[in-house]
Amino acid sequence: MTLDLLALDCDGTLLTTMDIRTENPQNLIAPGALDILQKWQGKAPLFVASSAPQAILRIVMEACGLTHYFTGIYGSPPNKVQRLLQIIEERKAEPGNCVMVGDNPSDYEAARAAHMQFYGIGPAFKGADCPHHDDLSQLDAWLEKLAAE
């Protein structure tokens with residue numbers, strides 16, 4: 001399968017928090033996030049799809065030094081479902097070949113509404129009917145397996 005695009009939520013997935021008042025914003029980057037970004041940049045277009053306000057999201061991503069990894073960084077408005085559908089349409093992507101990674105059940109619902117595949121991060125997905133793990137440590141192996149299908 002060709003991975004048409006990889007969309008990641010920000011707060012709780014890429015970053016542990018979006019509070020950049022910390023001394024070093026790079027400390028906010030979730031463990032394993034840089035490995036995923038470095039490995040998959042160039043293999044698939046990478047996007048941030050967040051429900052955080054667009055202006056704040058852009059400031060946080062710039063402060064963390066992550067903007068250069070992404071084809072697009074999108075916050076709200078519009079809502080996440082509308083944003084995912086817009087990205088898919090603009091990229092002329094096949095929804096089933098697109099993946100959303102998130103830490104909240106609302107991320108899962110948005111991916112389902114956009115007919116995307118989903119990978120859950122964190123305890124909210126224990127027992128869920130989607131691939132998931134406590135952190136990003138298993139995401140690369142799952143993406144590799146998916147891409148090999």
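# Briefing: sheet, helices and loops

His115 lies in the loop between H4 and S5. The model is a predicted one. Its sheet is open and built from 6 strands, in the order S3-S2-S1-S4-S5-S6, with parallel pairing. The edge strands, each pairing on one side only, are S3 and S6 (132-133). Helix H3 lies across S1, S2, S3 and S4.

**Non-glycine residues with positive phi**

- Most residues other than glycine have a negative phi, and most peptide bonds are trans.
- His115 is not a glycine, yet its phi is positive, at about 65°.
- His115 counts as exposed because its relative accessibility is 60%, and the cut-off for exposed is over 50%.
- Lys92 also goes against the usual sign, with a positive phi of about 50° although it is not a glycine.
- Lys92 sits just after H3, in the loop between H3 and S4.
- Lys92 has 74% relative accessibility, so it counts as exposed.

**Cis peptide bonds before H3**

- The bond from Ser76 to Pro77 is cis, with omega near -10°.
- A cis bond also joins Pro77 and Pro78, where omega is about 0°.
- Pro77 is in the loop between S3 and H3, and Pro78 lies in the loop between S3 and H3 as well.

**Helix H3**

- H3 covers residues 80-91, which makes 12 residues.
- From first C-alpha to last, H3 reaches 16 Å, close to the 16 Å expected at 1.5 Å a residue.
- At the start of H3, a side-chain oxygen of Asn79 comes to within 3.0 Å of the backbone nitrogen of Val81.
- Lys80, Arg83, Leu84, Ile87 and Ile88 are the buried residues of H3.
- These buried residues lie on the same side of H3, because they cover an arc of only 135° around the axis.
- An α-helix has 3.6 residues a turn, so residues three or four places apart point the same way.
- The cover over the buried residues of H3 includes strands S1 (5-8), S2 (46-53), S3 (72-76) and S4 (98-102), and helix H4 (105-113).
- H3 runs at about 155° to S2.
- H4 packs on the sheet too, touching S4 and S5 (117-121). The direction of H4 makes about 175° with that of S5.

**Strand S4 and its partners**

- S4 is mostly covered, with 5 of its 5 residues buried.
- Both faces of S4 are covered: Cys98, Met100 and Gly102 are buried on one side, Val99 and Val101 on the other.
- S1 and S4 pair in the parallel sense over 4 bridges. Ala7 has Met100 as its bridge partner in S4.
- S4 and S5 run parallel and are joined by 4 bridges. Here Met100 stands opposite Phe118 in S5.
- S1 and S2 also run parallel, joined by 3 bridges. Leu6 stands opposite Leu46 in S2.

**Asp9, a buried loop residue**

- Asp9 is in the loop between S1 and helix H1 (33-40).
- Asp9 counts as buried because its relative accessibility is 5%, and buried means under 20%.
- Leaving out residues up to four places away in sequence, Asp9 touches Leu14, Ala49, Ser50, Lys80, Met100, Val101, Gly102, Asp103 and Asp107.
- Among these contacts of Asp9 are Lys80 and Met100. Lys80 is one of the buried residues of H3, and Met100 is buried in S4.

Methods
Residues numbered from 1 in each chain as written. Predicted model: local features only at pLDDT ≥ 70, side-chain atom pairs only at ≥ 80, totals over all residues. Heavy atoms only, no water. Helix = DSSP H or I, 4+ residues; strand = E, 2+ residues; numbered from the N terminus. Expected span 1.5 Å × (residues − 1). Buried < 20%, exposed > 50% of the residue type's maximum accessible area, 1.4 Å probe, protein only. Arc of directions from axis to C-beta. Contact = heavy atoms within 4.5 Å. Polar contact = N/O pair within 3.5 Å; in protein donor to acceptor, adjacent residues only side chain to side chain. Pairing = 2+ DSSP bridges. Axes fitted to C-alpha atoms, helices over the stretch in contact; angles between N-to-C directions.
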